[in-house]
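Take a look at the fold below. We will walk through its helices and how they pack, then turn to some backbone details.

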Amino acid sequence: MKKTMDKLKSKIRISKRFTIFLFVLMLVGVIAGSLFITILSSSDKTLVKEYLGQYMEMTKSGKVNYLSVFINSIMGNGLTAVGIWLLGISIVGIPVILFLFFCKTFTLGFSVGSLLFVYNWKGALLSFIYVFPHQVMNLFAYGLLVIYALSVSIKMIEAVFKKKTIDFKTIMGKYSIVLGITIGLFILSAVYETFAMPQVLKWIWSIIS
């Protein structure tokens, strides 16, 4: 019993360290991404402004290609999730996993920073709608997957270099369930992003414009 409790406590400590580390990495990525818009050249800032303007016009006019948005959301997040999952069962995947997670948070920060840059105070409200709830759901899904991917990768390293015995079948079973949960969250997020968010943006824009 004592041995089991010690193992459980050890896993909790490891998960806690992973969670804190990823939270800090997420903050760094979001802040860096939101500030990145300020160092872009004038031509790049103009392109960002034109892109956001076109998206808002499409949203207001109801000309959003819903199928394209849904497929792009699922494919983008799904392929990244599968990539992270596969890297988790390798012994060299940890740096790439962390880099992919950082890129996702950086992209989110850049999107928020761009909205603030282009629309000023209106951008704060638009950013809130953009982030909640589907981007928060995405970050939670990525965080969950990355924590498990790092844990599995460390177990693989220990098995190869420290000759530790691991229950590979059990590990992969749990790991596959986590991937399934992650994909499920991405699907829910994509449904909201595709069909609900444009309507909410259209409604809010009609009020603040």
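Helix 4 and helix 5 run roughly antiparallel to each other, because their packing angle of about 165 degrees lies over the 145 cut-off. This is a predicted model. The two helices are residues 94–131 and residues 134–161, and their axes lie 10 Å apart. Helix 4 passes helix 5 in a left-handed crossing.

Which residues of helix 4 and helix 5 meet? On the helix 4 side they are Ile94, Ile97, Leu98, Phe101, Lys104, Thr105, Leu108, Tyr130 and Val131. On the helix 5 side the list includes His134, Gln135, Val136, Leu139 and Tyr142. It also includes Gly143, Val146, Ala149, Leu150, Ser153, Ile154 and Ile157. By class, this contact holds 15 nonpolar residues, five polar and one charged.

Now look at the link between these two helices. Pro133 sits in the loop between helix 4 and helix 5. The peptide bond joining Phe132 and Pro133 is cis, with omega at about -5 degrees. Most peptide bonds are trans.

Helix 4 has a backbone detail of its own. Asn120 lies in helix 4. Its phi is positive, about 55 degrees, although Asn120 is not a glycine. Most residues other than glycine have a negative phi. Lys163, just after helix 5, also takes a positive phi, of about 60 degrees.

Next comes the packing of helix 4 with helix 6. Their axes come within 10 Å and cross at roughly 150 degrees. That angle is over 145, so helix 4 is roughly antiparallel to helix 6. The crossing of helix 4 and helix 6 is right-handed. Helix 4 brings Tyr119, Trp121, Lys122, Leu125, Leu126, Ile129 and Tyr130 to this contact. Helix 6 brings Tyr192, Met197, Val200, Leu201, Ile204, Trp205 and Ile208. The contact of helix 4 with helix 6 counts 13 nonpolar residues, no polar ones and one charged. Tyr130 of helix 4 meets residues of helix 5 and also residues of helix 6.

Helix 5 and helix 6 form a further pair. They pack at an angle of about 165 degrees, with axes 9 Å apart. Helix 5 is therefore roughly antiparallel to helix 6. Helix 5 passes helix 6 in a left-handed crossing. By class, their contact has 21 nonpolar, four polar and two charged residues.

How do the lengths of the helices check out? Helix 5 has 28 residues and reaches 40 Å from its first C-alpha to its last. That is close to the 40 Å expected at 1.5 Å a residue. Helix 6 covers residues 168–208, which is 41 residues. At 1.5 Å a residue, helix 6 should therefore span 60 Å, and its end C-alpha atoms are 55 Å apart, which agrees. Helix 6 also bends, by about 40 degrees at Ala196. A proline, Pro198, follows Ala196 within four residues.

Finally, step back to the whole chain. It has six helices and zero strands. From the N terminus on, the elements run α-α-α-α-α-α. Taken along the principal axes, the C-alpha atoms fill a box of roughly 65 × 35 × 30 Å.

How values were computed
Residues numbered from 1 in each chain as written. Predicted model: local features only at pLDDT ≥ 70, side-chain atom pairs only at ≥ 80, totals over all residues. Heavy atoms only, no water. Axes fitted to C-alpha atoms, helices over the stretch in contact; angles between N-to-C directions. Parallel < 35°, antiparallel > 145°, perpendicular 65-115°, else oblique. Left-handed = near helix turned anticlockwise from the far one by under 90°. Contact = heavy atoms within 4.5 Å. Nonpolar A, V, L, I, M, F, W, Y, C, P; charged D, E, K, R; others polar. Expected span 1.5 Å × (residues − 1). Bend = angle between axes of the 7 residues up to and from the residue.
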